[in-house]
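Visitor: I'd like to talk through the charged side-chain pairs in this one. Can you walk me through them?

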Amino acid sequence: MVLGMICALASAVCFGTASVLQAVAARDTPSGTGAGVDPRLLLRVLKQWRFLLGLALDGVGFVLELIALRALPIYTVGAALAATLAVTAVVAAPVLHLRLRPREWLAVGVVCGGLALLALASGEEGHLRGGTGLRVAVLVFALALLALGFLAGRLPDRSRAAVLGLGAGLGFGVVEVAVRLLDGFTPSALLANPASYALLIGGGTAFLLLTTAFQRGSVTAATAGMVIGETIGPALVGVAWLGDRTRPGLAPLAVLGFGCAVAGALALARFGEAPAAEPDATPDATPGRP
């Protein structure tokens, strides 16, 4: 469990640093024609070195996340990943010469406190692996999420970013659940498991929707939606179908810790925003994670 928590937190560091690079790259990439979700956007941002470096960090973060998910309940890993925004705020702010307001330092403390409570209360990962029905359901959900994402890309500006962010969060949540549904990592086991395809589709959809939200809407709103999508849904699946539990008698402590981590992350949602150029003023917003 200690190794799992270390990997979860290290994964958040990787994702948080990658966010800074990817948010800036998305803002520097031409949007092309049309106002909806454009799969070619991913091809355009791949020409940005910052985005490529961010992808490399995401790859390292994903490996660490995979290790964590095989050792800890989904709700613990999800809350740790929500701490990505706290990592971004603390690490990126001094690098970019940006400010954290007192209430945001408080939010960072709330996230850290929530994770500490979760570390104390979390039990081992559930040992249920889900049946074929759950694996197929996760794959169907990933496909539906991709289709709905294209529709969400045509929503009015005010709601589009939040909905795309929520969709991205749900896509990352699909990845979290799918990892737990993998029976093995041999080629034959992966090809025969619907969760393998759900993982690929969910992860690809999440990146596409979040990149679109970063470029074409309020990234603060998108980040808040993402935090909700990638934490609450997967946590419920882990408890209801995969046997995730807390240590005996510590369920209230785990709920409190989870709530604090998510609430603190939402308070830091503006750190999903790529820095805007302000020649006569010191900006006070930084990038954040997909």
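Guide: Sure, and one cut-off will help us: a residue is buried when its relative accessible area is under 20%, and exposed when that area is over 50%. Keep in mind that this is a predicted model.

Visitor: How many salt bridges does the structure hold?
Guide: What counts is a side-chain nitrogen of Lys or Arg within 4 Å of a carboxyl oxygen of Asp or Glu. By that criterion, the number of salt bridges here is three.

Visitor: Is Glu104 buried or exposed?
Guide: Glu104 pairs up with Arg101, with 3.0 Å between the closest N and O atoms. Arg101 has 28% relative accessibility, so it is partly exposed. Glu104 has just 2%, and because the cut-off is under 20%, Glu104 comes out as buried.

Visitor: How many residues apart in sequence are the parts that Arg135 and Asp183 tie together?
Guide: These two side chains form a salt bridge at 2.7 Å, N to O. Arg135 sits in helix α7, while Asp183 is in the loop between α8 and α9, so the parts they tie together are apart in sequence by 48 residues.

Visitor: And of that pair, is Asp183 buried or exposed?
Guide: Its partner Arg135 has 7% relative accessibility and is therefore buried. Asp183 has 56%, and because the other cut-off is over 50%, Asp183 counts as exposed.

Visitor: Where does Asp244 lie?
Guide: Asp244 meets Arg180 in a salt bridge, 2.9 Å from N to O. Both Arg180 and Asp244 are buried. Arg180 belongs to helix α8, and the pair links parts 64 residues apart in sequence, since Asp244 lies in the loop between α11 and α12.

Conventions
Residues are numbered from 1 along each chain as its sequence is written. This is a predicted model: local features need pLDDT of at least 70, side-chain atom pairs count only at pLDDT 80 or more; totals for chains, interfaces and linings use all residues. Side-chain values use heavy atoms; hydrogens and water are left out. Buried means under 20% relative accessible area, exposed over 50%, partly exposed in between (1.4 Å probe, protein chains only). Helices (H or I, at least four residues) and strands (E, at least two) are DSSP runs, numbered from the N terminus.
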